[in-house]
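Here is a short set of notes to help you find your way around a structure you have not met before. Keep the view open beside the text and follow along at your own pace.

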Amino acid sequence: MWELHRFDPRVTKDDAVVPPRLLYESSVVQAEMVFDDVRTSALKRAIDATVEGKTVLDIGAGTGLLSMFAAKAGARKIYAIEASGIIDIAEKIAEENGCSDKIEFIHGYSTQVELPEQCGVLVSEMIGHFGVEEDIVETFADARRRL
């Protein structure tokens, strides 16, 4: 079990199973990812070099940071898909940053979503190791095939 108790006071060391939604809805965990300068800067550089004029799919959008990077980098449209309740905060953050006109936030799982168009770029912040956790390989394969 990932040691979520270090970051979220709602979870104790004695909890045997951590519901995934607690991980993603935890503002502390989200902040830890956002303020990882090395990782965030690398993601921003990659997005800046890739998305201009394209339609972008952000799977597991979290706080919407990658979606906002894409909007600022000139993406035509961004579909930000997030299963947890943090999506409500992401929408407000995008609004405050002047990006809400390009980003469509979708509350749900990418494997259960239909989009009105195909996307040219997929962005995501993988959590876990080597793509084997969170069914990320299957999720990305589905997105590549359908979205």
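The numbered points below go from the overall fold to the sheet, its helices and the buried parts.

1. A word on the model comes first. This is a predicted model, in which local features need pLDDT of at least 70 and side-chain atom pairs count only at pLDDT 80 or more, while totals for chains, interfaces and linings use all residues. Residues are numbered from 1 along each chain as its sequence is written, and side-chain values use heavy atoms, with hydrogens and water left out.

2. Start with the overall layout. The protein has six helices and four strands; helices (H or I, at least four residues) and strands (E, at least two) are DSSP runs, numbered from the N terminus. Along the sequence the pattern reads α-α-α-β-α-β-α-β-β-α. Of the 147 residues, 43% count as buried, where buried means under 20% relative accessible area, with a 1.4 Å probe and protein chains only. About 8,600 Å² is exposed, and carbon and sulfur atoms supply 53% of that area; accessible areas come from the Shrake-Rupley method with a 1.4 Å probe.

3. Now find the sheet. Its four strands form an open sheet in the order 3-2-1-4, with parallel pairing; two strands pair if DSSP finds at least two bridges between them. Strand 3 and strand 4 (121-124) stand at the edges with a single partner strand each, so one side of each has no neighbour in the sheet. On average, neighbouring strands are turned by 20° against each other, direction ignored; axes are lines fitted to C-alpha atoms, for helices over the stretch in contact, and angles run from 0 to 180 degrees between N-to-C directions.

4. The pairings can be checked one by one. Strand 2 (residues 77-82) and strand 3 (residues 103-107) are parallel partners over five bridges; here Glu82 stands opposite His107, and Tyr79 has Glu104 as its bridge partner. Strand 1 (residues 55-59) joins strand 4 through four bridges in the parallel sense, with Leu57 opposite Leu122. Strand 1 and strand 2 pair in the parallel sense over five bridges, and Thr55 stands opposite Lys77.

5. Which way do the crossovers turn? The chain goes from strand 1 through helix 4 to strand 2 in a right-handed β-α-β crossover. Strand 2, helix 5 (residues 86-96) and strand 3 also make a right-handed β-α-β unit. Right-handed means that, with the strands pointing away from the viewer, the path from the first strand over the helix to the second runs clockwise.

6. Strand 2 deserves a closer look. Six of its six residues are buried. In a regular strand the side chains alternate between the two faces of the sheet. Both faces are covered in strand 2: Lys77, Tyr79 and Ile81 are buried on one side, and Ile78, Ala80 and Glu82 on the other.

7. Helix 4 is mostly covered too, with seven of its eight residues buried. These are Leu65, Leu66, Ser67, Met68, Phe69, Ala70 and Ala71. Just after helix 4, Gly74 takes a positive phi of about 95°.

8. Turn next to the nonpolar cores, which are sets of buried Ala, Val, Leu, Ile, Met, Phe, Trp, Tyr and Cys residues joined through side-chain atoms within 4.5 Å. The largest has 22 residues, and Ile47, Val51, Val56, Ala70, Ile78, Ile103 and Phe105 have the most contacts inside it. Helix 4 gives the largest share, six residues. A second, separate core of ten residues includes Leu57, Ile106, Val113 and Leu147.

9. Finally, a few residues to click on. Leaving aside neighbours within four places in sequence, Phe105 is in contact with Ala80, Ile87, Ala90, Glu91 and Ala94; contact means heavy atoms within 4.5 Å. Cys99 lies in the loop between helix 5 and strand 3 and counts as buried at 2% relative accessibility. Not counting residues up to four places away in sequence, Cys99 touches Met68, Ala71, Lys72 and Ala94. Ile86, in helix 5, is buried with a relative accessible area of 4%. Ile86 and His107 are 21 residues apart in sequence and 9.4 Å apart in space, C-alpha to C-alpha.

Key. Buried means under 20% relative accessible area, exposed over 50%, partly exposed in between (1.4 Å probe, protein chains only).
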